[in-house]
Each structure stands twice: as structure tokens, then as C-alpha cells.
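Here's a quick walk through this fold, going from single residues up to helices and the core. Keep the model open and click along.

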Amino acid sequence: MDEESEVQDEGVVSLAAECAKLWPGMLLKSSEEEGRLKDEKEVTEGPGVEHPAHSALTEADTHTIRVDVMRTRGNHPAFGPQMRERLRELLTQLCLKEKIRYMQGLHEVAAVFAYIESTEGFHPTESTESTDASSRTLECFMAFVRNFMPCFYDAESFVILHITLLFFRQLLLYHLPHLHNQLEEAGVAPVVYATPWFITLFAYKNPLHVTMRLWHEYIRRGDPTFVPFLAVALMELEKQAFLNVEEDDLNSAVDRTRITSLEKLRDVWKAAESLHARTPKSFTFRMSKVLTQVRQQLRKETGHPWTESVLARAEQERRLALLAREAIAQYVRVS
């Protein structure tokens, strides 16, 4: 389905209405809990030090937002001047309220919430602080970013992104070693092809209706560590196509990888669930723990000299680590 037919398709409009109805209850409940924990932490430890650059948008950020807004969903008829102005408002308000620098990719995330708002405003819930529809959109957008998009809290260090890419690389090597090695030998690095997946949660270059359905399932699952499994599952489904191309064309083949239909999304999601079930439980535990600790540290520090040592250690951990009991269980399964 192309972007023009998306606007007219009743199924897409119905899906947007479903998201508008259900997402506030799903997102704001978890956001409310995180806010409570953050308040408790500040009572016991004192508030984190805020970086001065985060208290207001810089001129560079304002300019980048304007440029990104103009190129967001450029071929989609729903994204006219009014929609783009709404996008600019959402991005500006989120950065100011969350006290973060603008990071490219955030416009792809905001576009989904702006589109849902344009078809049917987000419904009120007991957890919503506001009564008007535009404020509810911002609350849902902020809650989604806060709970599922940790990369946008990286500031200039990009440490969360690099750690996420590390865990993805470990998972790819564990489940698809031949493909991992082929990509490594061809110089096709995850930072090039997988970064858009992680910083937009697969919104980049995928149809809006596919993105809405993926995010609906992702929010319902409530596990921010599931994204590497989706990425590896997508690579697994495209594996044969990658293995068949010449080495010089491998980078282009990987870059063209998309989730273009709901049918393909169902296949990717099913494969990701299967990968998750076959992966040692310590993997998701370690990923969750590391990302939580890094994000807490980012909230407290004004500078990031510690990030260099974190990334250096992360680079040394190229393989997925197994606990002794997990190694024994794996041996028993294959014996």
C-alpha cells in the first residue's frame, strides 16, 4: 500500500482510531509509574543536575527541526502545511518539557502521533492530566519516547544507541553467525543500517499503517528490550537475499530492508518471539539493567567523561555471554 492510498483506506483510518482510543491508557499508565519512581528518587538522592543546553532549544536545534519537519513523510498527502506546523510544535514542546536536545529521527516518531491526532484525537483517560486533545497527544508522545525510545536521551554521547547496537550485534552473531560474519567481512556495520531502526522504532521508510500496528503490539508488550529481536528477525527473513548478492551490493541490499506490509510485520513479529524464546534470559536482563543504569547516569552528569570507558568496555563484549546454567541447558537441548 502506497502513502497516497493510505489516506483513503478505511482500514488505516480504523487502525488510527483504535490507537487513539487505546494508546492513552496503555502509555500514560506506565508513564505515570515512571514519574512516581523518578519523584521518589529525587526525594532520596536530590534532583539530577540539568545541562544548561537542555533548558532551551538552541538555534541549531530549531533550524534542524524546521528542516526535518519539511521532509517528513514528503509523499504522504496528509502531511500538508498544517500537519507540518503541528509536527514542529510537538517536537519543540517535547524537547523543552523533557529537557533534551533535538535528535534527528525524532520527527519520524512525532509524525505517527500527529497523524493519529489528525484522524481522531487521543481519547481522555483517568491518567491524563489535560482535557484538550492537543495536550493529550503531547502527553502520549512524551510517554512513548520516555518509555520506549531511550536513544533520544543520549545528548551528544550516543552511548545508549551504541550499547543498543552492541546488544543487537551480539544477538545477530548468536542466532545468525554466518550472516553476521558475511556483513562484518563486507564492512557493513550495524551503526549504518540498524541505527534508523532503533532511533525511530522502524518508522523510518515504513508505511504509517505498518508502523502504527507494530507500535501497538510493542506498547502492549511493554518491553523496550524487544527491539533487537525485531531487528534480527527482519534480518533472518531477508537472510537468503543478503547471502545471494555480491559483496559490493550487500550494503545496498541491507539498506533496502523494510517492513512494507502487515503480512510481513506478522512474520517479523512471530520470528522475533521465536528468537526471544530461544535466547538466554540473561541477555534481556543485562540489556535492561545496563540501559537503565546508563540513563540514570546521564540524568545526573553534566559532562560525559565516563561514557568513553563504558563504550570501550562495550566494544570488548562482542559475544553474547551465557550463565553456567544457561550453557548446561543449551547443551541438554541440543544433545
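Let's start with Lys99, which counts as partly exposed because its relative accessibility is 33%. Bear in mind that this is a predicted model. You'll find Lys99 in the loop between α4 and α5. Its backbone is worth a look too: phi of Lys99 is near 60°, a positive value in a residue that isn't glycine. For background, most residues other than glycine have a negative phi.

Leu201 also has a positive phi, near 50°, and isn't a glycine either. This residue sits in the loop between α10 (195-200) and α11 (208-221). Is Leu201 buried or exposed? With a relative accessible area of 2%, Leu201 is buried, since the cut-off for that is under 20%. A further positive phi, about 45°, turns up at Arg73, just after α3.

Here are those backbone spots side by side:

| Residue | Phi | Place |
|---|---|---|
| Lys99 | near 60° | loop between α4 and α5 |
| Leu201 | near 50° | loop between α10 and α11 |
| Arg73 | about 45° | just after α3 |

Now for α3 itself, residues 59-71. At 1.5 Å a residue, its 13 residues should span 18 Å, and the end C-alpha atoms are 19 Å apart, which agrees. Which residues of α3 are buried? They are Asp61, Ile65, Asp68 and Val69. Looking down the axis of α3, you'd see these buried residues fall within an arc of 100°, so they line one face of the helix. The general reason is that an α-helix has 3.6 residues a turn, so residues three or four places apart point the same way. Glu59 and Met70, on the other side of α3, are exposed. As for what covers the buried residues of α3, the list includes α4 (81-98) and α5 (106-119).

Next, a helix pair. Helix α7 (residues 159-175) packs against helix α8 (residues 177-185) at an angle of about 125°, and their axes are 5 Å apart. That angle makes α7 oblique to α8. On the α7 side, the contact is made by Arg169, Leu172, Leu173, Tyr174 and His175. From α8 come Pro177, His180, Asn181, Leu183 and Glu184.

Ile199 is another good residue to click on. It belongs to helix α10 and is buried, with a relative accessible area of 10%. What does Ile199 contact, leaving aside its neighbours within four places in sequence? The partners are Met103, Gln104, Gly105, Val109, Met149, Cys151, Phe152 and Leu161. The C-alpha atoms of Ile199 and Phe148 are separated by 9.9 Å, with their positions 51 residues apart along the chain.

On to the core. The largest nonpolar core has 95 residues, and Phe141 and Met235 touch the most other members. Not counting residues up to four places away in sequence, Phe141 touches Leu90, Leu91, Leu94, Leu106, Val109, Ala110 and Phe113. Val109 is thus a shared partner, touching both Phe141 and Ile199.

Finally, zoom out. The protein chain has 18 helices and zero strands. Of its 335 residues, 47% count as buried. Among contacts between residues at least 6 apart in sequence, 79% join residues at least 24 apart.

Note on methods: Residues numbered from 1 in each chain as written. Predicted model: local features only at pLDDT ≥ 70, side-chain atom pairs only at ≥ 80, totals over all residues. Heavy atoms only, no water. Core = buried A, V, L, I, M, F, W, Y, C linked by side-chain atoms within 4.5 Å. Buried < 20%, exposed > 50% of the residue type's maximum accessible area, 1.4 Å probe, protein only. Contact = heavy atoms within 4.5 Å. Helix = DSSP H or I, 4+ residues; strand = E, 2+ residues; numbered from the N terminus. Expected span 1.5 Å × (residues − 1). Arc of directions from axis to C-beta. Axes fitted to C-alpha atoms, helices over the stretch in contact; angles between N-to-C directions. Parallel < 35°, antiparallel > 145°, perpendicular 65-115°, else oblique.
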